[in-house]
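Welcome! Take a moment to look over the chain shown here, and keep it in view while you read the notes below.

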Amino acid sequence: MAKYNYDETGATFNYFLLSFLAIVLIPSSLSSLWPKQSNADDHRKSQCSCSQCKKQRQLIDSIKPKLSAFSQIPFKLIFLAIGWTLLAFTAYRVATTTFEETIWDPYAIMNLGEGASAQEVGKAYRTLSRTYHPDKNRNKSPEEVEIATQKYIELSKAYKVLTDEDARKNWEEFGHPDGKQSFSLGIALPTWLVESGNRPLVLLIYALVFGVGLPIVVARWWYASSALTKDKILVGTMGRFYAEFKDNSTSKALLDLLTIAEEFKHLTYDPKDPATAKLIDSVRRKLDDLKLEQWGKSNKYANIVPYSPKVSLLLTAHLLRVQVEDAGLASEQAFVVTKATQLVASGLMQIAATRQWLNAIQTTVEINQIIAQAIYPAQSNFLQLPYLNKDILVHFTRGKRNVRNLGDFLALKEDDRRGLLKALEDNEYDEVMTVAKQIGRVKIVSSKFHVPGDKFITPNALVTLKVNLALAAPDESAAIVEKIGDDGEDKDDAVAEEAKKNEWWNRKPTSVPEAHAPLYPDEKRPAVWWVILGNKAQNRCIRVKLQFQAPPNPTRMVLQVYIKSDAYCGTDLSLDMKLEVRPAEELGVVDEDDDISEPDEDTIAGQMAALRNAGKAGAPGAPGGAAGGAGGAEEDDSDSDDDEDD
């Protein structure tokens with residue numbers, strides 16, 4: 001039976017406590033002494049130096065919540081100080097605690113070497129008895145008598161063990177005169193923890209931690225997580241979006257839909273508040289100047305959701321680039337704008353993709369574009385560039401000029417570009433060009449439909465759309481497109497794949513530049529490009545992902561591929577691609593010169609081929625289907641006959 005021993009001296013528990021404290025304190029201290037300065041320095045070096053970005057960084061710093069006196073207390077340093085003090089005390093206890101580990105050795109007690117004979121044992125016993133026998137120590141002090149008595153008891157025990165052959169053999173083999181002893185386990189807990197006097201306190205602590213604290217923490221986590229979707233959006237918000245989102249929703253309708261998200265229900269709208277009233281007046285004057293519909297007239301949720309007008313006001317002010325002077329409103333606007341970006345990307349986009357609404361998906365991506373660049377719907381995408389306004393933009397489409405997007409602008413000759421922007425100073429023009437070249441644009445290197453393992457596409461096959469994109473150089477005016485037909489082979493794929501296998505260790509990860517969004521009230525992030533495949537005639541999104549199932553019958557159709565950025569306006573690309581679905585019977589024809597062997601039946605390719613052939617054989621009207629099936633049966637019979645003859 002196992003025997004459990006608690007740590008009497010506390011030495012073992014101190015070792016455990018010392019190790020635990022070291023594991024926690026050393027990494028925490030290193031992270032405090034040497035924070036990740038390199039990433040911050042690299043980020044500061046990569047920040048845009050244009051006037052808009054500098055101004056926006058100052059604005060972000062100004063609207064950050066001010067730290068209270070309580071929040072400024074360096075709790076981490078206090079924790080580290082207490083931790084290191086406790087570690088030093090524990091280390092001192094470990095260093096000064098002595099272990100009284102005594103091994104009972106009869107030979108050592110009798111001052112003999114191991115293997116001493118019986119005569120030597122008897123002689124040693126008689127000699128030591130004259131010193132430690134109680135009768136020889138009567139005239140000494142009580143303490144000396146006690147020590148001598150204990151010595152004599154140990155001496156007598158050692159003599160009995162060494163003069164008894166069985167006891168002596170047990171000690172030499174098992175370390176104990178009685179033979180093998182029970183197994184002993186030590187627990188690294190101090191004895192005071194399990195003493196009867198401390199049991200009520202220990203049980204109370206256990207009850208508070210595991211009976212009260214742990215259930216509360218789990219319950220709070222559960223209720224918080226159950227109210228959110230996997231994309232961290234409130235379930236109530238997604239329910240409202242599902243009910244109100246339509247396939248023909250316009251950009252303005254989607255902006256109004258964002259205002260009823262439950263994430264904004266803590267906002268209060270008071271049109272009589274001086275700061276709010278001033279902002280309303282500024283927004284209305286800006287809309288009058290642009291000759292656009294007045295704010296609030298088309299928001300059908302204004303009288304239903306109390307906070308909807310407040311969210312709409314802050315979002316509209318951001319899109320119109322109206323300066324919010326009140327610090328409280330500016331902080332609320334930053335929250336609304338950043339949260340709206342998440343709601344669009346993870347909420348509205350998910351709904352549109354699930355329902356396969358092509359136009360709605362494109363509109364959803366465009367909402368993120370205008371929020372990132374602070375451009376009101378239907379305004380020119382050239383407002384992404386600094387210093388440009390409506391008076392300058394009228395020259396972009398005057399006369400023979402037809403500069404519609406950033407690519408057209410960069411394709412102009414230097415003199416023509418400078419002529420368009422003649423109202424700007426030289427330093428302002430240089431800043432415009434710097435930002436224009438910084439805005440990310442992509443080009444289509446190649447695109448094709450294909451079914452892995454097959455030469456062409458057959459009905460119900462799993463088709464893969466392969467689109468190779470690359471960041472366009474600043475001086476590239478148009479996307480470079482190389483379409484590869486369905487019946488052709490992409491010869492570059494084999495070369496590229498081989499190079500990929502041989503040189504993967506030399507490749508460095510591609511770094512996507514940060515989006516240039518100087519008016520976005522949060523830290524910048526890399527731009528994301530969406531690749532969307534759809535049927536424009538049916539307003540149907542085939543798949544946001546790059547795989548889809550081919551139509552069930554042979555056909556030819558034209559599908560559209562849309563490539564849209566979530567951060568830049570006017571950089572979208574579209575491409576018409578022909579999809580040809582050919583009869584499955586043509587896939588079964590094998591050239592006589594084809595040396596490729598049929599796949600084994602136990603492989604996935606072999607099983608797919610067997611199912612395809614079985615479908616052709618059993619299909620009504622399939623050419624040669626019935627004959628092929630009969631021929632196969634006759635061969636089986638002949639094979640079985642041969643076996644019987646053998």
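What follows is a short tour by topic, from confidence to single residues.

This is a predicted model, so a good place to begin is how confident the predictor is in each part. The chain has a mean pLDDT of 77, and 74% of its residues reach 70 or more.

**Confidence along the chain**

- Which elements mark the two ends of the confidence range? Helix α13 has the highest mean pLDDT among the elements of the chain, at 94, and helix α23 (residues 625-645) has the lowest, at 37.
- Residues 477-492 have a pLDDT below 50, although this stretch makes 34 contacts in the model beyond near neighbours in sequence.
- Another stretch, residues 614-646, stays under 50 as well, and the model gives it seven contacts beyond four places in sequence.
- A word of care for such places: where pLDDT is low, the predicted coordinates should not be read in detail.

**Aromatic rings**

- The model holds ten aromatic pairs.
- One of them joins W221 and W222, whose ring centres are 6.3 Å apart with 50° between the planes, a tilted arrangement. W221 is exposed, because its relative accessible area of 56% is over the 50% cut-off.
- F245 and W357 make an edge-to-face pair, because their planes meet at 90°, with the ring centres 5.7 Å apart. This pair links distant parts of the chain, 112 residues apart: F245 is in the loop between α10 (235-244) and α11 (251-258), while W357 is in the loop between α14 (327-354) and α15 (358-373). Both F245 and W357 are buried.
- F382, F396 and F409 are linked by ring pairs into a cluster.

**Charges over rings**

- R418 places its charged end over the ring of Y429, at 4.7 Å from the ring centre.
- R582 does likewise with F456, where the charged end is 4.1 Å from the centre of the ring.

**H318 and its surroundings**

- Helix α13, residues 308-320, contains H318.
- Is H318 buried or exposed? H318 is buried, because its relative accessibility is 6% and the cut-off for buried is under 20%.
- Which backbone atom does the side chain of H318 reach? The partner is the backbone oxygen of I371, at 2.7 Å.
- Beyond neighbours within four places in sequence, H318 is in contact with Q333, V337, I371, A374, L519, Y520 and P521.

**N14 in the opening helix of the numbering**

- N14 belongs to helix α1, residues 11-33.
- With a relative accessibility of 8%, N14 counts as buried.
- Apart from neighbours within four places in sequence, N14 is in contact with T90, R93, V94 and T97.

**A strand pair**

- Strand β3 covers residues 442-450, and it is largely enclosed by the rest of the structure because seven of its nine residues are buried.
- β3 runs antiparallel to strand β4 (residues 462-471), and eight bridges join the two.
- Across this pair, S447 of β3 stands opposite V467 in β4.
- As background, side chains in a regular strand alternate between the two faces of the sheet.

**Positive phi angles**

- Most residues other than glycine have a negative phi, which gives the next two residues their interest.
- Q356 has a positive phi, near 60°, and is not a glycine. Q356 is in the loop between α14 and α15, and at 27% relative accessible area it is partly exposed.
- A378 is not a glycine either, and its phi is positive at about 80°. A378 is in the loop between α15 and α16 (390-393), and it counts as exposed at 85% relative accessibility.

**T229 in a loop**

- T229 is in the loop between α9 (199-226) and α10, and its relative accessibility of 24% makes it partly exposed.
- How far apart are the C-alpha atoms of T229 and G347? They are separated by 9.5 Å, with the two positions 118 residues apart along the chain.
- V235 and M238 are in contact with T229, leaving aside neighbours within four places in sequence.

Methods: Residues numbered from 1 in each chain as written. Heavy atoms only, no water. Phe/Tyr/Trp six-rings, centres within 6.5 Å; stacked < 30°, edge-to-face > 60°. Buried < 20%, exposed > 50% of the residue type's maximum accessible area, 1.4 Å probe, protein only. Helix = DSSP H or I, 4+ residues; strand = E, 2+ residues; numbered from the N terminus. Lys NZ or Arg CZ within 6 Å of the ring centre and 35° of its normal. Polar contact = N/O pair within 3.5 Å; in protein donor to acceptor, adjacent residues only side chain to side chain. Contact = heavy atoms within 4.5 Å. Pairing = 2+ DSSP bridges. pLDDT = per-residue confidence, 0-100.
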